[in-house]
Amino acid sequence: MGNQLSGIVFDIKKFAIHDGPGIRTTIFLKGCPLSCWWCHNPESQQLEPQKYLTGPNFQEIIGKTMNVAEVMNEILKDRIFYDESDGGVTFSGGEPFMQPKYLAKLLDECKKQGLHTVVDTSGYVSWEILEPMLSNIDLFLYDLKLIDNESHKKYTGVDNHEILNNLIRLIENHQNVHIRIPIIPSITDSEANLVSIKNYLKQVHFTGDISLLSYNTFGIRKYKQLGCEYRLTNLKPPTSERMQEIRNFFLKTFPNCKIGG
Amino acid sequence: MNERIHRLREQSVSTQPELSIERAKLITEFYQNHENQQYPTPIMRALAFRHILENKEICINEGELIVGERGPAPLATPTYPEICCHTLKDLDILHNRPKISFKVTEETKKLTQSVILPFWKGKSIRDKIFSEMDQEWIAAYKAGVFTEFMEQRAPGHTVAGKQVFQKGMLDFIKEIQQSISKLDFLNDPEALMKRDQLRAMNIAAEAIIAFAHRYAELARTMANENSALDPQRKRELLQIAEICDWVPAHTPRNFWEALQHYWFIHLGVITELNTWDSFNPGRLDQNLFPFYQKELAEGKWDEEFARELLQAFWIKFNNQPAPPKVGVTAEESNTYTDFCNINIGGLKADGSDGTNPLSYMILDTIQQMRILQPSSNVQISKKTPDRLLMRALDIIKTGFGQPSIFNCDAIIQELLRQGKDLVEARLSGASGCVEVGAFGKEAYILTGYFNIVKVLEITLHNGFDSRTQKQIGPRTGENDTFENYEAFFEAFKKQLAYFIDIKIKGNQIIEQLWARELPAVFLSIIIEDCIKKGKDYNAGGARYNSNYIQMVGMGSISDSLAAIKKYVFDEKSLTLNELVNILDKNFEGYHDFRHKLINDTPKYGNDDDYADRFAQEVFDVLFDLVDGRPNSKGGHYRINLLPTTVHVYFGSVIGATPDGREAMMPLSEGISPVQGADIKGPTAVLKSAAKLDHLRTGGTLLNQKFNPSLLQEESGLIKVLHLIRSYFKMDGHHIQFNVVDAATLRAAQKNPEQYRNLIVRVAGYSDYFINLGQKLQEEIIRRTEHQNF
């Protein structure tokens, strides 16, 4: 019965190589409680399928209803590549925990198949939802954006208390966590924010990997196609020198800090 | 790369290939002498071979360490009028065509007109082949249903086994004499023919020794005559003289001699006839290993000098462009590359990993030389260390398509299925583009490309070819008579069977013509068991004799059949006649329908079982029609799936197709999906490609294009390594990569002069991008580029 459970998927990417170890398939679940100004997947934010213009007379529907069996069928097609490369499956979004039952069932099925699982999350989810799934998640890709709550609210639309608390609990629970910090010039790369992130991670005894993700402008086009406004016009991606500088700042405390996923 | 190698390389890369009339003149002179025509054919051919080697101009280029050119100078490319006698118009085309041209001098034209043409007209094997073919063959050939490999190039398609490096010509002569002494004139009705053949081989063996001695003499003269000569060069020349005195007469004694020994044999093969795929030293790291070990043990190994020798060896290959091709042969294989494809890695006779220090040294050479010829590949077994594959990927990421990557374990199974024993299979590999054969023991002849998609078009017109306006196939049914997809597919099968029969029948005749008219007596010396059997390579002398028909358009046919099944028979949204009508109009006025065909139809290459099934079904039909049929040399027919450049030509003879392809556009190549149809990334492509049964072929070709950013970092390279290992776990035969982005290719089209050195992977070989025809350039740009996700 559970395999008939449906959810909304907005993309399935095979040969995903930046979303965890090895060769992976990334399942992008639709819907996100955040609305980050820099989001390069704005089509992922709304939970329901939506229209997307691909040309003057062409439109596509973003978001497809798929049941668990259908998703598993796609996932298992690339099993030989996961086996060879120690890869697996990554659930991303949107915010995958926005469809908790669906995600839980998918994780469960993946584990039955012996697959390595990664969840790429904003951390904005209640612990009660997250906790029961922990044993089925091998690795979290966990976003840390802004430590100051007011700024976090301004640029993502939500409070960061839950995000920071969940991170502490994950670390206390000995979960594998890989921190990802989006470097958005003038927003997340202020000295104050970077220092706060570093102090915070030190304080919670984080010792794992950190990735610095450079701001990119790939998503701008999509805002137009969705008929939404993009609020970061004219913002340029950080230079590679700047990225290196930030990496050096973290390296002293976190030797596993690198640029890129 | 030191200064002299740099200079020799530069000379090789920048010299415009020129047509040399020397060989044509010598062979004509020889044949014009009536006395020579009295000899039995093999002996006459051996004497002709000797005549060329005795009289051709020889040169030792400045600073060279490995000596010997096929023509009078590097890149001076001979012609073979006994095979294909070029007309004056051919010469003009060769001289003036924008791509793959050969400079033709006035003297060459004059000689052609006054001597060569009058003598050879009607006598060349090309003329004889076309006059022997029946109407059905000619009609199918003209329509573009298949090509014919042997109409202006000789059968070759073979590779040196290790014995070539272990024996001198004097050893072979001994074997020849023994074989003659064992002839049983009492009981063997062919004994006389065998003696002629063996005597001819003897003459050819002596001729190559004498040829080497000419070089020895020249080197000595150069060393001694010029008193101003640099003393180091003088020492080198004297050593070259000594080497040429010794090889190829005797077994080489060291690394340098081994390379020079092979090179003389290579020159012998490609001077005797214009063999396809020139010739090939095979498992070079394995074949050279004993010399390396010996020098190491004796304390004589000089690694730096050995590297220089390998580089010098590489340049010799690049100095010999593929003999000038015209007509359909130029269309199917339009490149200067002559397909010598050097094998690295693989397994040893005992089944253990064959990787050795020379494997890495040869890979270094490939990277440093970065030239078109020779081609190269790594043979990857499950036992091959990742280090070798990573080193290969490290070169591939620099974007010149070399080396290509083969699944050695699959090749072994393919050869076993064809009847070779396990040790022979382990000592073999791939040559040409992707073809398998028993190295040193097999004539594995590619007989021509077969245009699967053209046959679909002919089926859709009830046997009629709209382009040549002829009924060329049987009437297998009007389009409105097919009640279901299966009935339609049955008609397609009948057409395939009909044209494959025509192709094979033609092959049998052509094969026998070659055996009778142009035996390859020199090549026969070095391929086992020609001496033992007293039989020529072209007449079945080799231990194994396979003929291949190379199937082209797997992706295109699969997607076309999927569209027919879905729209005509399943959804019934239009009739077959309506579909054909739209195709005949080349989609004019049916833009939206074409959009649907391209975007809303299941496509091969996306790991979609529904779409991939069509490729599997066509594969099975072709396999059943071809595999195991006897050739005229005691061997069998096999299929393989590769295109060189013929997918462009084959596309140019077909109107629009149901996969949404417009008229005249190229077909898909190898077993790669239709350009741009694979949208699910490389893992899906590999899964789809692996659904074909590679082990029942003699080679398949899969191209993948990656954006350079994907391979920039080691982590990306490792993922590609895993992709390859996974594909090989699924028994994939071969994979090759273009690591280049579309923007670069577009820029090269705009400003070719700035991109002279841009080398891309075409299909089984690499070529300068600017040397490719416009259509082929576009085709490569349209191939799906896997991104850095």
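Which residues is Gln37(B) in contact with, leaving aside its neighbours within four places in sequence?

**Exercise 1. Place Gln37(B) in this predicted model and decide whether Gln37(B) is buried or exposed.**

Step one is to locate the residue: Gln37(B) lies in the loop that runs between helix 2 (22-32) and helix 3 (41-55) of chain B. Step two answers the opening question, since, once neighbours within four places in sequence are left aside, the contacts of Gln37(B) are Tyr31(B) and Met44(B). Step three is the count of surroundings: a residue is exposed if 12 or fewer other C-beta atoms lie within 10 Å of its own, and because Gln37(B) has 11 C-beta neighbours inside 10 Å, Gln37(B) counts as exposed.

**Exercise 2. Describe how helix 12 and helix 14 of chain B are arranged, and say which residues meet.**

Begin with the axes: those of helix 12 (residues 255-272) and helix 14 (residues 303-318) of chain B come within 10 Å and cross at roughly 5°. Angles under 35 degrees count as roughly parallel, and therefore helix 12 of chain B is roughly parallel to helix 14 of chain B. Next, list the residues: from helix 12 of chain B come Phe255(B), Trp256(B), Leu259(B) and Trp263(B), which meet Ala306(B), Leu309(B), Phe313(B) and Lys316(B) of helix 14 of chain B. Finally, sort this contact by class, which gives 7 nonpolar, no polar and 1 charged residues.

**Exercise 3. Find the residues with the most contacts inside the largest nonpolar core, and follow the surroundings of Ala204(B).**

The largest nonpolar core contains 310 residues, and those with the most contacts inside it are Ala204(B), Ile208(B) and Leu309(B). Helix 10 (residues 191-225) of chain B gives the most to this core, supplying 13 residues. Turning to Ala204(B), and leaving aside its neighbours within four places in sequence, one finds contacts with Ala46(B), Phe49(B), Val521(B), Phe522(B) and Ile525(B). As general background, nonpolar side chains tend to be buried together in soluble globular proteins.

**Exercise 4. Trace the open sheet of 6 strands in chain B, then examine strand 5 of chain B.**

The strand order is 3-4-5-14-13-17, with mixed pairing, and the edge strands, each pairing on one side only, are strand 3 (341-345) and strand 17 (785-786) of chain B. Within this order, strand 13 (residues 703-706) and strand 14 (residues 734-739) of chain B run parallel and are joined by 4 bridges, with Asn703(B) opposite Gln736(B) of strand 14. Helix 18 (residues 408-417) of chain B packs on the sheet, where it touches strand 4 (375-380) and strand 5 (404-407) of chain B, and its direction makes about 55° with that of strand 5. Strand 4 and strand 5 of chain B also run parallel, joined by 4 bridges, and Gln379(B) has Phe406(B) in strand 5 as its bridge partner. From strand 5 of chain B, Ser404(B) and Phe406(B) point one way while Ile405(B) and Asn407(B) point the other way, and all are buried.

**Exercise 5. Set out the open sheet of chain A and the contact of chain A with chain B.**

In chain A, 9 strands form an open sheet in the order 5-1-2-6-7-8-9-10-11, with mixed pairing, and its edge strands are strand 5 (64-67) and strand 11 (257-259). The twist averages 30° from one strand to the next. For the contact between the chains, 14 residues come from chain A and 16 residues from chain B. On the side of chain A that touches chain B, strand 1 (6-16) and helix 2 (79-85) of chain A each supply at least two residues, and the residues of that side divide into 6 nonpolar, 3 polar and 5 charged.

Conventions:
Residues numbered from 1 in each chain as written. Chains lettered and ligands numbered in written order. Predicted model: local features only at pLDDT ≥ 70, side-chain atom pairs only at ≥ 80, totals over all residues. Contact = placed C-beta atoms within 7 Å. Nonpolar A, V, L, I, M, F, W, Y, C, P; charged D, E, K, R; others polar. Axes fitted to C-alpha atoms, helices over the stretch in contact; angles between N-to-C directions. Parallel < 35°, antiparallel > 145°, perpendicular 65-115°, else oblique. Pairing = 2+ DSSP bridges. Core = buried A, V, L, I, M, F, W, Y, C linked by C-beta atoms within 7 Å. Buried ≥ 20, exposed ≤ 12 C-beta atoms within 10 Å, placed from the backbone.
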